[in-house]
Amino acid sequence: MGIRSTALVMGVCAALAAGAAHAEDSPFVGRWHWNRAQSILPPGEPVPKDVVSEISRADSQSISWSVTIVTPDDVRHVVEFQADPAAAAQHGANTTASARMADEALQATFNGAAGQSDTQTCTVSADRTQMTCKGFVSDGQGHSASYVDVYDRM
(Lines give C-alpha, C1' and ligand atoms only; values in the text may rest on other atoms or scores of the structure.)
Protein backbone atom coordinates (compact mmCIF):
# COMPACT_ATOMS: atom_id res chain seq x y z
CA MET A 1 0.00 0.00 0.00
CA GLY A 2 2.06 2.89 -1.33
CA ILE A 3 0.33 5.66 0.60
CA ARG A 4 1.36 3.97 3.86
CA SER A 5 5.01 4.11 2.83
CA THR A 6 4.65 7.76 1.88
CA ALA A 7 3.00 8.51 5.19
CA LEU A 8 5.71 6.70 7.10
CA VAL A 9 8.38 8.66 5.25
CA MET A 10 6.53 11.83 6.14
CA GLY A 11 6.76 10.96 9.78
CA VAL A 12 3.54 9.11 10.20
CA CYS A 13 2.28 12.31 11.55
CA ALA A 14 4.81 12.55 14.27
CA ALA A 15 5.44 16.04 13.18
CA LEU A 16 1.91 17.25 12.97
CA ALA A 17 1.03 18.99 16.17
CA ALA A 18 -1.01 22.13 16.09
CA GLY A 19 -3.05 24.13 18.54
CA ALA A 20 -3.02 27.27 20.58
CA ALA A 21 0.09 26.33 22.52
CA HIS A 22 3.56 27.50 21.55
CA ALA A 23 5.92 24.98 20.00
CA GLU A 24 7.86 24.53 23.24
CA ASP A 25 4.64 23.50 24.99
CA SER A 26 3.55 20.99 22.39
CA PRO A 27 4.11 17.40 23.48
CA PHE A 28 4.75 16.50 19.82
CA VAL A 29 7.84 18.73 19.35
CA GLY A 30 11.20 16.95 19.54
CA ARG A 31 13.02 13.94 18.09
CA TRP A 32 11.14 10.64 17.83
CA HIS A 33 12.54 7.19 17.06
CA TRP A 34 10.25 4.52 15.62
CA ASN A 35 9.85 1.58 18.01
CA ARG A 36 9.85 -1.49 15.77
CA ALA A 37 9.05 -3.96 18.59
CA GLN A 38 5.88 -2.17 19.72
CA SER A 39 4.61 -1.17 16.26
CA ILE A 40 2.20 -3.27 14.19
CA LEU A 41 2.55 -2.86 10.42
CA PRO A 42 -0.18 -3.64 7.90
CA PRO A 43 0.18 -7.12 6.34
CA GLY A 44 2.82 -7.17 3.61
CA GLU A 45 4.30 -3.81 4.56
CA PRO A 46 8.11 -3.83 4.33
CA VAL A 47 9.74 -3.16 7.70
CA PRO A 48 12.01 -0.13 7.58
CA LYS A 49 15.42 -0.53 9.18
CA ASP A 50 15.10 2.80 10.96
CA VAL A 51 12.88 5.88 11.18
CA VAL A 52 13.67 9.13 12.99
CA SER A 53 11.31 12.09 12.93
CA GLU A 54 12.36 15.53 14.13
CA ILE A 55 9.63 18.06 14.80
CA SER A 56 11.06 21.56 14.99
CA ARG A 57 7.87 23.59 15.13
CA ALA A 58 4.29 22.74 15.95
CA ASP A 59 2.00 25.63 16.72
CA SER A 60 -1.12 27.28 15.41
CA GLN A 61 0.83 29.01 12.63
CA SER A 62 3.09 26.34 11.20
CA ILE A 63 4.19 22.72 11.38
CA SER A 64 7.77 21.82 10.42
CA TRP A 65 9.48 18.47 10.52
CA SER A 66 12.02 16.26 8.86
CA VAL A 67 12.01 12.49 8.68
CA THR A 68 14.90 10.16 8.01
CA ILE A 69 13.98 6.63 6.99
CA VAL A 70 16.30 3.75 6.15
CA THR A 71 14.61 1.20 3.89
CA PRO A 72 15.14 -2.58 4.13
CA ASP A 73 17.73 -2.31 1.33
CA ASP A 74 19.73 0.36 3.24
CA VAL A 75 18.58 3.33 1.17
CA ARG A 76 18.36 6.46 3.31
CA HIS A 77 15.64 9.03 2.56
CA VAL A 78 15.29 12.43 4.21
CA VAL A 79 11.98 14.22 3.75
CA GLU A 80 11.18 17.71 4.99
CA PHE A 81 7.68 19.07 5.32
CA GLN A 82 6.17 22.39 6.36
CA ALA A 83 2.49 23.22 6.40
CA ASP A 84 -0.21 25.45 7.72
CA PRO A 85 -2.12 23.13 10.07
CA ALA A 86 -5.49 24.50 8.93
CA ALA A 87 -5.20 23.33 5.33
CA ALA A 88 -4.08 20.37 3.25
CA ALA A 89 -0.48 20.66 2.11
CA GLN A 90 0.96 19.18 -1.05
CA HIS A 91 3.82 16.74 -0.56
CA GLY A 92 5.43 15.74 -3.81
CA ALA A 93 3.41 15.34 -6.96
CA ASN A 94 0.97 12.73 -5.67
CA THR A 95 0.24 13.21 -1.97
CA THR A 96 -1.56 15.76 0.18
CA ALA A 97 -1.59 15.84 3.96
CA SER A 98 -3.91 17.56 6.43
CA ALA A 99 -4.17 17.51 10.21
CA ARG A 100 -6.17 18.85 13.11
CA MET A 101 -6.02 18.67 16.88
CA ALA A 102 -8.93 17.10 18.75
CA ASP A 103 -8.58 17.19 22.53
CA GLU A 104 -5.12 15.74 23.27
CA ALA A 105 -4.90 13.86 19.97
CA LEU A 106 -3.67 14.68 16.52
CA GLN A 107 -5.77 13.45 13.61
CA ALA A 108 -4.10 13.36 10.20
CA THR A 109 -5.03 12.25 6.71
CA PHE A 110 -2.77 11.57 3.76
CA ASN A 111 -4.35 11.19 0.30
CA GLY A 112 -2.76 9.86 -2.90
CA ALA A 113 -3.71 10.68 -6.48
CA ALA A 114 -5.01 7.16 -7.17
CA GLY A 115 -7.45 7.18 -4.26
CA GLN A 116 -5.12 5.79 -1.61
CA SER A 117 -5.50 7.16 1.90
CA ASP A 118 -3.94 6.90 5.34
CA THR A 119 -5.91 8.24 8.30
CA GLN A 120 -4.36 8.20 11.75
CA THR A 121 -4.75 9.49 15.27
CA CYS A 122 -1.65 10.15 17.36
CA THR A 123 -1.38 10.69 21.11
CA VAL A 124 1.58 11.34 23.41
CA SER A 125 1.93 9.59 26.76
CA ALA A 126 1.42 11.64 29.94
CA ASP A 127 5.16 11.65 30.62
CA ARG A 128 5.80 12.76 26.99
CA THR A 129 8.23 9.90 26.33
CA GLN A 130 6.19 7.91 23.81
CA MET A 131 3.88 8.70 20.93
CA THR A 132 1.38 6.19 19.54
CA CYS A 133 -0.26 6.59 16.13
CA LYS A 134 -3.17 4.31 15.28
CA GLY A 135 -4.07 4.31 11.63
CA PHE A 136 -6.06 2.86 8.79
CA VAL A 137 -4.80 2.62 5.19
CA SER A 138 -6.71 2.02 1.99
CA ASP A 139 -5.26 1.38 -1.47
CA GLY A 140 -8.25 3.00 -3.17
CA GLN A 141 -9.25 -0.35 -4.71
CA GLY A 142 -11.15 -1.88 -1.82
CA HIS A 143 -8.20 -3.19 0.20
CA SER A 144 -7.57 -1.75 3.65
CA ALA A 145 -5.69 -2.49 6.85
CA SER A 146 -5.08 -1.00 10.27
CA TYR A 147 -1.72 -0.42 11.94
CA VAL A 148 -0.07 1.03 15.04
CA ASP A 149 3.16 3.04 14.97
CA VAL A 150 4.92 3.66 18.28
CA TYR A 151 7.67 6.26 18.68
CA ASP A 152 10.03 6.85 21.60
CA ARG A 153 11.33 10.33 22.37
CA MET A 154 15.05 10.64 21.74
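Let us start with one pair of side chains: Arg31 forms a salt bridge with Glu54, and their closest N and O atoms are 3.4 Å apart. Arg31 belongs to strand S1 (residues 30–34) and Glu54 to strand S2 (residues 50–58), so this pair ties together parts that are 23 residues apart in sequence. If you look at how open the two partners are, Arg31 is partly exposed, with a relative accessible area of 36%, and Glu54 is also partly exposed, at 34%. Please keep in mind as you look around that this is a predicted model.

The structure holds two salt bridges, so let us visit the other pair as well. Here the side chains of Lys49 and Asp74 meet, with 2.7 Å from N to O. Lys49 sits in the loop between S1 and S2, while Asp74 sits in the loop between strand S3 (63–70) and strand S4 (76–83), so the pair ties together parts that are 25 residues apart in sequence. Lys49 is partly exposed, with a relative accessible area of 43%. Asp74, at 52% relative accessibility, counts as exposed because the cut-off for that word is over 50%.

From Asp74 you can follow the chain to Arg76, which is found in strand S4. Arg76 is exposed, with a relative accessible area of 60%. Leaving aside residues up to four places away in sequence, Arg76 touches Thr68, Ile69 and Val70. You can also compare the position of Arg76 with that of Lys49: the two are 27 residues apart in sequence, and their C-alpha atoms are 9.6 Å apart in space.

Now let us step back to the whole protein. The protein has one helix and 10 strands. Reading along the sequence, you meet them in the pattern α-β-β-β-β-β-β-β-β-β-β. Of the 154 residues, 47% count as buried. The protein exposes about 7500 Å², and carbon and sulfur atoms supply 49% of that area. Contacts across the sequence can be described too: among those between residues at least 6 apart, 48% join residues at least 24 apart.

With that overview in mind, move along to strands S7 and S8. Strand S7 covers residues 105–112 and strand S8 covers residues 117–124, and they pair in the antiparallel sense over seven bridges. To find one of these bridges, look for Ala108, whose bridge partner in S8 is Gln120. The two strands form a hairpin with four residues between them. In the turn you will find Gly115, which has a positive phi of about 95 degrees.

A general point helps when looking along any strand. In a regular strand the side chains alternate between the two faces of the sheet.

Our last stop is Asp118, which is found in strand S8. Is Asp118 buried or exposed? With a relative accessible area of 0%, Asp118 is buried, because that value is under the 20% cut-off. The side chain of Asp118 has a partner to look for: a polar contact of 2.5 Å joins it to the side chain of Tyr147. You have now gone from the salt bridge of Arg31 and Glu54 to the polar contact of Asp118 and Tyr147.

Terms used:
Residues numbered from 1 in each chain as written. Predicted model: local features only at pLDDT ≥ 70, side-chain atom pairs only at ≥ 80, totals over all residues. Heavy atoms only, no water. Pairing = 2+ DSSP bridges. Buried < 20%, exposed > 50% of the residue type's maximum accessible area, 1.4 Å probe, protein only. Polar contact = N/O pair within 3.5 Å; in protein donor to acceptor, adjacent residues only side chain to side chain. Salt bridge = Lys/Arg side-chain N within 4 Å of Asp/Glu carboxyl O. Contact = heavy atoms within 4.5 Å. Areas by Shrake-Rupley, 256 points an atom, 1.4 Å probe, with all protein chains shown as cover.
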